[in-house]
Amino acid sequence: MVVPEDSDIESAADLAGATVEINTLNNISDTVIRETVRADGGDEEAVEFVEMAFPDMPAALEAGNVDAVFVVEPFLSITRNAGARPVTWPYAEADEDLEVAVYFTSEETAQSDPELIESFTNAMVASQELATSDEEKLRAIPTAYTEIDEALLADLTFPRFTSEVSEASAQGLADPAVSPRVPPGWRSGPPGTPSPAQR
């Protein structure tokens with residue numbers, strides 16, 4: 001989470017009453033941000049979330065259209081190089097081992113094509129191990145499928161890569177999602193549908 005250099009926001013608690021851009025409403029981002037604000041002593045329900053695609057966030061922050069943006073790389077480095085400063089790290093503060101992406105399959109596929117599942121699993125484990133063991137190759141990967149400025153590569157903050165699924169991490173996201181403070185139906189509708197509290 002980054003804010004303009006001259007922002008009065010100094011901590012997660014200060015995000016109460018602020019306008020915060022995230023890439024998708026009613027998803028992992030607002031869940032972890034609310035939890036981070038709450039844990040820091042702020043009013044998590046007072047955060048106003050606005051949905052915007054990651055590539056548009058740096059310009060919106062620079063223009064003063066929002067108070068803070070919750071960005072991933074390479075947009076984190078782009079905003080920081082433009083003068084923005086981090087104020088909190090909601091993913092890491094929610095759970096230092098937080099998993100934000102997990103692959104699933106159906107029981108039918110798992111039972112009918114075990115070789116496919118084994119091959120996919122082995123490939124994913126190998127890729128995670130490579131990402132963990134060879135940072136030079138890791139930093140070169142984005143250039144194969146994006147037009148990223150190579151000057152940014154050295155600045156990128158990469159996540160931790162693991163081949164194990166953490167039930168504790170998943171539970172850490174599930175608990176806030178069913179907390180009494182979350183309005184019923186907050187995840188209803190297609191991605192981007194405002195929650196009852198945001199309508």
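## A walk through the fold

Read from the N terminus, the protein chain runs β-β-α-β-α-β-α-β-α-α-α-α-α-α. This is a predicted model. The secondary structure amounts to 9 helices and 5 strands. Strands and helices alternate through the middle of that order, and the run closes on helices.

Next, the chain as a whole. It has 199 residues, and 35% of them count as buried. The accessible surface is about 12,000 Å², with 51% of it belonging to carbon and sulfur atoms. Among contacts with a separation of 6 or more, 69% join residues 24 or more positions apart.

Threonine 19 gives a local view of such contacts. This residue sits in strand 2. Its relative accessible area is 17%, under the 20% cut-off, so threonine 19 is buried. Beyond its neighbours within four places in sequence, threonine 19 touches Glu48, Val50, Val66, Asp67 and Ala68.

Alanine 59 offers another setting. It belongs to helix 2, residues 57-63. Its relative accessibility is 52%, and exposed means over 50%, so alanine 59 counts as exposed. From alanine 59 to threonine 79 is 20 residues in sequence, and the C-alpha atoms are 8.6 Å apart.

Now the charged pairs. The whole structure holds 3 salt bridges. One of them links arginine 85 to glutamate 10, with the closest N and O atoms 3.5 Å apart. Arginine 85 lies in strand 5 (residues 85-86) and glutamate 10 in the loop between strand 1 and strand 2, so the pair ties together parts that are 75 residues apart in sequence. The two partners differ in cover: arginine 85 is buried at 19% relative accessible area, whereas glutamate 10 is exposed at 54%.

Another salt bridge stays inside helix 1. Arginine 38 pairs with glutamate 35, and the closest N and O atoms are 3.1 Å apart. Both residues lie in helix 1 (residues 28-39), 3 residues apart, about one turn of the helix. Here the arginine is partly exposed, with 40% relative accessibility. Glutamate 35 is buried, with a relative accessible area of 18%.

Helix 7 holds a further pair. The side chains of arginine 139 and glutamate 135 meet at 2.8 Å, N to O, in a salt bridge. Both residues belong to helix 7 (residues 135-140) and stand 4 residues apart, about one turn of the helix. In this pair arginine 139 is buried, at 18% relative accessible area. Glutamate 135 is partly exposed, at 48% relative accessibility.

Finally, turn to the surface patches. A negative patch is formed by Glu5, Asp6, Asp8, Asp14, Asp40 and Glu93. One of its members, aspartate 14, lies in the loop between strand 1 (2-3) and strand 2 (19-22). Aspartate 14 has a relative accessible area of 34% and is partly exposed. Patch residues need over 30%, so aspartate 14 passes that cut-off.

A nonpolar patch is made by Val102, Phe104 and Val165, and it covers about 350 Å². Valine 165 is in the loop between helix 8 (142-145) and helix 9 (167-177). Its relative accessible area is 59%, so valine 165 is exposed.

Definitions and conventions: Residues are numbered from 1 along each chain as its sequence is written. This is a predicted model: local features need pLDDT of at least 70, side-chain atom pairs count only at pLDDT 80 or more; totals for chains, interfaces and linings use all residues. Side-chain values use heavy atoms; hydrogens and water are left out. Patches are made of residues with over 30% relative accessible area and no salt bridge: like charges are joined within 9 Å, nonpolar side chains (Val, Leu, Ile, Met, Phe, Trp, Tyr) within 5 Å. Accessible areas come from the Shrake-Rupley method with a 1.4 Å probe; for residues, only the protein chains shown count as cover. A salt bridge is a side-chain nitrogen of Lys or Arg within 4 Å of a carboxyl oxygen of Asp or Glu. Lys and Arg count as positive and Asp and Glu as negative; His and the chain ends are not counted. The place of a charge is taken as NZ of Lys, CZ of Arg, CG of Asp or CD of Glu. Helices (H or I, at least four residues) and strands (E, at least two) are DSSP runs, numbered from the N terminus. Buried means under 20% relative accessible area, exposed over 50%, partly exposed in between (1.4 Å probe, protein chains only). Contact means heavy atoms within 4.5 Å.
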